[in-house]
Amino acid sequence: MLATPAVAVLFADTLYGPMAWIIPFFVAMSTFGAVNGILFTSSRLFLAGAREGQMPQVLTMVQIERETPVPAVIFVSFLSLLFLAASNIYALINYVSIVNWLAIGLAVFVLVYLRWKRPDMPRPIKVSLIWPIVYLLCTVYIIILPLYQKPGETGVGLLLMLTALPVYWIFISWRSKPSWLTRLSASLTRLTQKTLFVC
């Protein structure tokens with residue numbers, strides 16, 4: 001079992017014989033379903049972030065007839081295709097996982113921090129602090145281990161995350177933008193509205 005990279009295929013060959021093809025087929029279907037769910041969930045996260053003023057306004061728009069965030073879905077699809085341009089799938093997994101675990105770790109850290117700094121804040125669910133602290137320690141381990149083992153790939157993942165800063169600065173926080181940039185942003189928004197039927 002340790003010699004094969006696909007344990008499920010070895011298991012299927014041993015157990016199912018001529019019907020062994022069902023395991024890779026269902027693994028592929030499961031992966032497709034997970035990717036589909038992530039694509040739709042991520043686009044709604046972009047929509048929510050844009051509605052909160054943290055992303056460009058064009059991502060707040062929803063298709064008129066189907067009420068789906070088409071610009072956000074297209075943007076997430078474009079980013080996904082851009083990530084797929086990486087030649088090494090394991091490096092891509094490292095790029096994305098470090099960013100994912102860092103975001104999760106920060107969210108759990110904020111939970112602990114708010115419990116300490118604002119103990120009287122209303123909370124719909126209140127759990128013992130031991131669980132978030134244990135989870136946070138595991139997350140710190142998951143973040144630090146790749147930094148030690150593969151600092152280059154981890155650094156690329158962190159740089160990918162930091163590319164959001166110039167986008168945020170240019171499109172969101174920069175109040176005195178040049179008029180040409182404002183006109184360009186407005187014309188791109190109008191073009192998106194006309195081509196995708198969004199508002």
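**A tour from the core to helix 8**

Begin by selecting F46, A50, L59, A72 and V76, the five residues that form the largest nonpolar core of this predicted model. With that selection still displayed, colour helix 2 and helix 3, which are the elements that give two or more residues to this core. Then centre the view on A50 and, leaving aside its neighbours within four places in sequence, look for its contacts with M55, P56, L59 and T60.

Next, show helix 2 (residues 22-51) together with helix 1 (residues 7-16), whose axes come within 8 Å and cross at roughly 145°. To see where the two helices meet, select A8, V9, A12 and Y16 in helix 1 along with I22, I23 and P24 in helix 2. Sorted by class, this contact of helix 1 with helix 2 has seven nonpolar residues, with no polar and no charged ones.

Now move to helix 8, residues 179-196, where 18 residues reach 26 Å from the first C-alpha to the last, close to the 26 Å expected at 1.5 Å a residue. Select L181, T189 and T192, the buried residues of helix 8; because they cover an arc of only 75° around the axis, they lie on the same side of helix 8. Adding helix 3 (70-84) and helix 7 (164-173) to the display brings in the elements against which the buried residues of helix 8 pack. Rotate to the face of helix 8 turned away from its buried side, and the exposed residues W180, R183, K194 and T195 come into view.

Finish at F197, which follows helix 8 and has a positive phi, near 55°.

Note on methods. Residues numbered from 1 in each chain as written. Predicted model: local features only at pLDDT ≥ 70, side-chain atom pairs only at ≥ 80, totals over all residues. Heavy atoms only, no water. Helix = DSSP H or I, 4+ residues; strand = E, 2+ residues; numbered from the N terminus. Expected span 1.5 Å × (residues − 1). Buried < 20%, exposed > 50% of the residue type's maximum accessible area, 1.4 Å probe, protein only. Arc of directions from axis to C-beta. Contact = heavy atoms within 4.5 Å. Axes fitted to C-alpha atoms, helices over the stretch in contact; angles between N-to-C directions. Nonpolar A, V, L, I, M, F, W, Y, C, P; charged D, E, K, R; others polar. Core = buried A, V, L, I, M, F, W, Y, C linked by side-chain atoms within 4.5 Å.
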